[in-house]
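Please open the model in your viewer and keep the selection tool at hand. The tour goes from one selection to the next and says what is found at each stop.

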Amino acid sequence: LGPLCDKFGARILMGCVLMGASIPCALIGLVNSATSLAVTRFFIGLGGSTFVMCQYWSTSMFTKEVAGTANALVGGWGNLGGGVTQLVMGSVLFPLFKTGMSAEKAWRTVSIVPACVGFLTGFTILKISDDCPKGNYKEMKQNGIMQEVSATASFRDGALNFNTWLLFIQYGCCFGVELTMNNAAASYFKKEFELTTESAAAIASIFGWMNLFARGLGGFTSDKFNSKMGMRGRLIWQTVCLIIEGIMVLIFAQTKSLGLAIFILVIFSSFVQAAEGSTYGIVPYVDPPSTGSIAGIVGAGGNTGAVCFGLCFRQLESIQTAFNIMGFTILGSATLTFLVMIKGHRSILGGEDSETIKAAWQKKNTATLAVPDEKAFEDDDDEARA
């Protein structure tokens with residue numbers, strides 16, 4: 001969907017996916033077998049792709065100098081929404097539904113509520129939103145304000161950019177870690193500290209609640225570093241977040257005191273999500289005309305990281321070993337920032353910002369992220385223009 005954002009904008013895709021995902025959500029109560037559950041969950045899961053549209057949209061709506069804060073806030077509150085939904089569904093709506101029907105019927109009908117919310121949100125987006133501050137892509141193309149963009153070329157350019165894959169790995173080592181901890185933290189506290197399931201789950205939920213501010217703070221700090229040092233500042237902050245995150249993982253795995261473990265978990269979680277916000281403060285700069293494709297690829301890195309780390313926790317006999325692998329992998333990913341070299345921007349190791357770039361981060365000339373322009377294709381590259 002990333003390349004389609006570059007071509008059509010995020011608004012239409014966001015609205016359609018939300019409305020589409022609401023249908024299987026409403027139908028979840030009809031499942032009667034493991035197969036039907038898996039199929040329904042698969043189509044509900046497609047709704048998660050709205051993250052890509054979300055990051056692309058906020059990038060288009062705000063200047064790149066504050067893109068870190070904007071992307072981090074909407075991404076972090078999106079993650080927080082998952083936890084809030086669980087809380088509201090389980091603690092408010094489900095008991096409410098049970099007052100007028102059996103528990104069996106209640107859980108089969110309660111999902112209609114979030115389905116309706118999702119559908120109405122998608123419909124509202126289509127009706128009243130704009131693709132970017134200048135309007136909608138369709139009208140802009142018709143009026144000659146914006147040129148036609150090739151989704152194929154967008155994906156090709158994004159995928160062939162080396163920086164994209166460096167950020168892919170780093171996002172796997174922050175958002176992938178968050179997803180892994182969401183699954184593993186409760187069982188770890190229950191087993192390691194002999195807690196009840198309820199107590200362990202309550203402590204583990206701290207990880208999700210940090211999304212309330214930590215991811216946004218990471219993006220905000222990235223913007224502040226950018227205002228002082230340009231891209232080099234963003235890269236330095238990214239490295240700091242990943243290093244502290246990795247160290248906290250290693251300390252957490254060795255902690256035997258419950259109180260200290262919770263304290264370390266708070267710091268650990270804060271820097272995990274700060275690194276997520278910092279990553280998407282860099283994404284809009286990598287190759288602006290291919291931002292949608294790059295956002296999609298980097299976002300997929302989070303799920304890839306979750307799968308890899310999840311396998312470690314499931315397959316290894318010692319959970320401490322799994323935490324150690326995770327920690328050292330994160331520390332290794334931090335060194336990749338030294339390899340990030342974005343055209344026109346200074347890297348950590350050297351180089352100089354172009355005069356235009358320097359004027360932008362020094363706030364001599366601030367503008368919103370330009371809508372995707374058609375790439376300068378070779379004369380014989382007719383297929384890419386199709």
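The stops below cover a surface patch, a helix and the cysteines of this predicted model.

Begin at the surface by selecting Leu73, Trp77, Leu212, Phe213, Leu217 and Phe220, which together make a nonpolar patch of about 600 Å². If you then colour by secondary structure, you can find the elements that give two or more residues to this patch, namely α5 (67–98) and α14 (214–229). Stay with Phe220 for a moment, whose place is in helix α14; Phe220 counts as partly exposed because its relative accessibility is 41%, a value that lies between the 20% limit for buried and the 50% limit for exposed.

Next, select residues 162–172, which form helix α10, a mostly covered element in which eight of the eleven residues are buried. To see them, show the side chains of the buried residues, among them Leu166, Leu167, Phe168 and Tyr171. Asn163 and Thr164 are also buried, and at the start of α10 a side-chain oxygen of Asn161 comes to within 3.0 Å of the backbone nitrogen of Asn163.

Finally, turn to the cysteines, bearing in mind that the structure holds zero disulfides. Is Cys241 buried or exposed? With a relative accessibility of 0%, Cys241 counts as buried, and its closest cysteine sulfur, in Cys174, is 9.0 Å from its own, which is too far for a bond, since a disulfide needs the two sulfur atoms to be within 2.5 Å. Select Cys16 as the last stop: its relative accessibility is 44%, so Cys16 counts as partly exposed.

Notes:
Residues are numbered from 1 along each chain as its sequence is written. This is a predicted model: local features need pLDDT of at least 70, side-chain atom pairs count only at pLDDT 80 or more; totals for chains, interfaces and linings use all residues. Side-chain values use heavy atoms; hydrogens and water are left out. Patches are made of residues with over 30% relative accessible area and no salt bridge: like charges are joined within 9 Å, nonpolar side chains (Val, Leu, Ile, Met, Phe, Trp, Tyr) within 5 Å. Accessible areas come from the Shrake-Rupley method with a 1.4 Å probe; for residues, only the protein chains shown count as cover. A salt bridge is a side-chain nitrogen of Lys or Arg within 4 Å of a carboxyl oxygen of Asp or Glu. Helices (H or I, at least four residues) and strands (E, at least two) are DSSP runs, numbered from the N terminus. Buried means under 20% relative accessible area, exposed over 50%, partly exposed in between (1.4 Å probe, protein chains only). A polar contact is a pair of N or O atoms within 3.5 Å; within protein, one must be able to donate a hydrogen and the other to accept it, and residues adjacent in sequence count only if both atoms are side-chain atoms.
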